[in-house]
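Here is a colleague's note on the structure, set out as numbered points. Please read each point with the sequence and the model side by side.

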Amino acid sequence: MRRRATLHEKEAAIELVPSTILEPLNFAELFGRDAPVELDVGCGDGTFLVGLAEQNSERNFLGIERLAGRVRSLCRKAATLQLSNVRVLRIDAIYAVKQLMPACSVQAVHILFPDPWPKRRHHRRRTITAEFLACIHRALVHRGQVHIATDHVDYLDDIRRLVVDGRLFKISNPAMTFPRSRFEQRFAATGTPIYRLFLRKISPVK
């Protein structure tokens, strides 16, 4: 009789440990099937990612998170719900998008509540820069989507300016609803406004 995997074994299967971090990932091998892939950059404890994966079983979802405790929390959530369409990679998000995502392979990218680094002298530490948006553009399929959420309106305005200047994306306004991340749940409880920006990949103007 075939032994059923324990919860711990299921959790371990969700966290990716690539044989190399110098070559692009093979999504079909990682998920065991061909399906559209969505990326959650800085996925935290996985509340949003797991909720999205549960609602969209026909898609694959890859989380990127640097902190080990949050990765464990995500793995536990996904394993408990027996979600086979979730994987998580513990690595720096900028490196992962720039080096590990195959070109034209990702259907959508979610970036929720990145640290705003509000002081101007700290802006260079922000995740969303012109270079990072160019890396996302390369990874996205034709007309792929980017979903950004923040509680910091100045950061949102700066991202809008990067988008306009870069000419790689068009600002869109799709009628979409999403699960709430842990951060969004906290903000909602205190009445903090949430700002969203939706982008669609376009070809650069020659």
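1. Two residues are said to be in contact when heavy atoms of theirs lie within 4.5 Å. The model is predicted, and the contacts named below should be read with that in view. Under this criterion, and not counting residues up to four places away in sequence, valine 71 touches Glu15, Glu65, Val88 and Arg90.

2. Valine 71 belongs to helix 4, which spans residues 68-80. Because its relative accessibility is 1%, valine 71 counts as buried, the cut-off being under 20% relative accessible area. Valine 71 and leucine 112 are 41 residues apart in sequence, and their C-alpha atoms are 16 Å apart in space.

3. The largest pocket encloses about 760 Å³ of space. Its lining comprises 30 residues, and those that lie nearest its centre are Gly42, Glu65, Arg70, Phe113 and Pro114. Two or more lining residues come from each of strand 2 (37-41), helix 3 (47-55), helix 5 (93-100), strand 5 (106-112) and helix 8 (182-190). Helix 8 gives the most, with three residues. Sorted by class, the lining of the largest pocket has 14 nonpolar, six polar and 10 charged residues.

4. Phenylalanine 113, one of the residues that lie nearest the centre of the largest pocket, deserves a separate remark on its backbone. Most residues other than glycine have a negative phi. Phenylalanine 113, however, has a phi near 55°, which is a positive value in a residue other than glycine. This residue is placed in the loop between strand 5 and helix 6, and with a relative accessibility of 10% phenylalanine 113 counts as buried.

5. A positive phi is also found at arginine 143, where the value is near 65° and the residue is again other than glycine. Arginine 143 is part of strand 6, which covers residues 140-150. Its relative accessible area is 46%, so arginine 143 is partly exposed.

6. What is the size of the largest nonpolar core, and which residues have the most contacts inside it? The core holds 35 residues, and Leu39, Met101, Ile136 and Phe169 are those with the most contacts inside it. Helix 6, residues 130-139, gives the most to this core, with five residues. Isoleucine 136, leaving aside neighbours within four places in sequence, is in contact with Val97, Val109, Ile111, Val146 and Phe169. Another core lies apart from this one and has 22 residues, among them Cys43, Phe61, Ala78 and Leu112.

7. A search of the whole structure for aromatic pairs finds five. In one of them, the rings of phenylalanine 48 and phenylalanine 178 have centres 6.1 Å apart and planes at 45°, so this pair is tilted. The pair links distant parts of the chain, since phenylalanine 48 is in helix 3 while phenylalanine 178 is in the loop between strand 7 (169-172) and helix 8, 130 residues apart. Both phenylalanine 48 and phenylalanine 178 are buried. Ring pairs also join Phe48 and Phe178 with Phe198 in a cluster.

8. Another aromatic pair, formed by phenylalanine 183 and phenylalanine 187, is stacked, with 6.4 Å from centre to centre and 25° between the planes. These two residues are four residues apart in helix 8, so about one helical turn separates phenylalanine 183 from phenylalanine 187. As for exposure, phenylalanine 183 has a relative accessible area of 36% and is therefore partly exposed, whereas phenylalanine 187, with a relative accessible area of 18%, is buried.

9. Is serine 181, in the loop between strand 7 and helix 8, buried or exposed? With a relative accessible area of 7%, serine 181 is buried. Not counting residues up to four places away in sequence, serine 181 touches Thr47, Phe48, Leu112 and Phe113.

10. Helix 3 is mostly covered, seven of its nine residues being buried. These buried residues are Thr47, Phe48, Leu49, Val50, Gly51, Leu52 and Ala53. Thr47 and Phe48 are among the residues that serine 181 touches, and Phe48 is also part of the cluster linked by ring pairs.

Notes:
Residues are numbered from 1 along each chain as its sequence is written. This is a predicted model: local features need pLDDT of at least 70, side-chain atom pairs count only at pLDDT 80 or more; totals for chains, interfaces and linings use all residues. Side-chain values use heavy atoms; hydrogens and water are left out. On a 1 Å grid over the protein atoms alone, a cavity is a set of points where a 1.4 Å probe fits but cannot get out, and a pocket is an open set with protein on both sides within 12 Å along at least five of seven lines; lining residues have an atom within 4 Å of a point. Grid points are joined across faces, edges and corners, and a volume is the space filled by probe spheres set on the points. Ala, Val, Leu, Ile, Met, Phe, Trp, Tyr, Cys and Pro count as nonpolar, Asp, Glu, Lys and Arg as charged, and the others, Gly among them, as polar. A nonpolar core is a set of buried Ala, Val, Leu, Ile, Met, Phe, Trp, Tyr and Cys residues joined through side-chain atoms within 4.5 Å. Buried means under 20% relative accessible area, exposed over 50%, partly exposed in between (1.4 Å probe, protein chains only). Rings of Phe, Tyr and Trp (its six-membered ring) pair if their centres lie within 6.5 Å; planes under 30 degrees apart count as stacked, over 60 as edge-to-face and the rest as tilted.
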